[in-house]
Amino acid sequence: MGKIIAIANQKGGVGKTTTTVNLAASLGVLEKKVLLIDADPQANATSGLGIDVDGVELGSYQLMEHTKTAKETIISTTSPNVDLIPAHIDLVAIEIELVDKDEREYMMKKAIIDLKKDYDYILIDCAPSLGLLTLNALTAADSVIIPIQCEYFALEGLGKLLNTIKSVQRLHNPDLDIEGMLLTMYDSRLRLSNQVVDEVRKHFGDMVFDTVIQRNVRLSEAPSYGESIIKYDAASKGATNYLNMADEIVKKNKQTV
């Protein structure tokens, strides 16, 4: 039975989509069958895997509306072992359209629950907000990865996100676990980066991944070519970081089975 992991943080620019795309590709390289669900109207995970967003006809919008089955919205990608449920800008309307529906927080969970038997990992790329889309992702997920940027405002808003996770655990999904906090955009030359790493590790201990994602030009370039870092430059520091992270997740989940 597969595991559903949401990648969430209401702050923008912390590496959510970069993490989702490259973690999916890295798990694929480790021969895990992966489904990536793009639940962000910006659709950056979709374009980051080389899919033309303007050409998307079926995706997470139809999935959330329950007008199509999950299997009807899945497309294959050029990344080995990675499938995708793409997003389109239409997804921006979903929060308004679902607002008066019964059990609106469970729309994604109901839609994808049967897919767990087909995949080792289902990764959900969340929008940079704590709105209904992110709430749906957290309600559907078994666990959540929280990317934290190694910069001055790193911990700002983290308390709000953790309170939202507690609220989801209490009201909608008591089994939701924190898979881990991931430190991103780390630059070892900067004292501030090192201070943030020390601060986060001091506060959250074992909840923080051992792997740290370092600042890497190739990692920034890859999305403009519609490729994961594994495909774009497998020898880069970014590729090594994400492969290490994927290995850490696989080992952790073997231990908890």
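**Exercise 1.** Classify Phe153 as buried, partly exposed or exposed, and place it in the fold.

*Solution.* Phe153 has a relative accessible area of 48%. Buried means under 20%, exposed over 50%, and partly exposed in between (1.4 Å probe, protein chains only). Phe153 is therefore partly exposed. Its place is the loop between β6 (143–149) and α8 (158–171); helices (H or I, at least four residues) and strands (E, at least two) are DSSP runs, numbered from the N terminus.

The model is predicted: local features need pLDDT of at least 70, side-chain atom pairs count only at pLDDT 80 or more, and totals for chains, interfaces and linings use all residues. Residues are numbered from 1 along each chain as its sequence is written, and side-chain values use heavy atoms, with hydrogens and water left out.

**Exercise 2.** Find how many disulfides the structure holds, and state whether Cys126 and Cys150 are buried or exposed.

*Solution.* A disulfide is a covalent bond between the sulfur atoms of two cysteines. The criterion is a pair of cysteine sulfur atoms within 2.5 Å. The structure holds zero disulfides. Cys126 has a relative accessible area of 1%, so Cys126 is buried. Cys150, at 3% relative accessibility, also counts as buried.

**Exercise 3.** Describe the surroundings of Ala137: which residues is Ala137 in contact with, leaving aside neighbours within four places in sequence?

*Solution.* Start with the element: Ala137 lies in helix α7 (residues 132–140). Next, the relative accessible area of Ala137 is 0%, so Ala137 is buried. Contact means heavy atoms within 4.5 Å. With those neighbours left aside, the partners of Ala137 are Ala6, Met108, Ile124 and Cys126. Cys126 is the buried cysteine of Exercise 2 with 1% relative accessible area.
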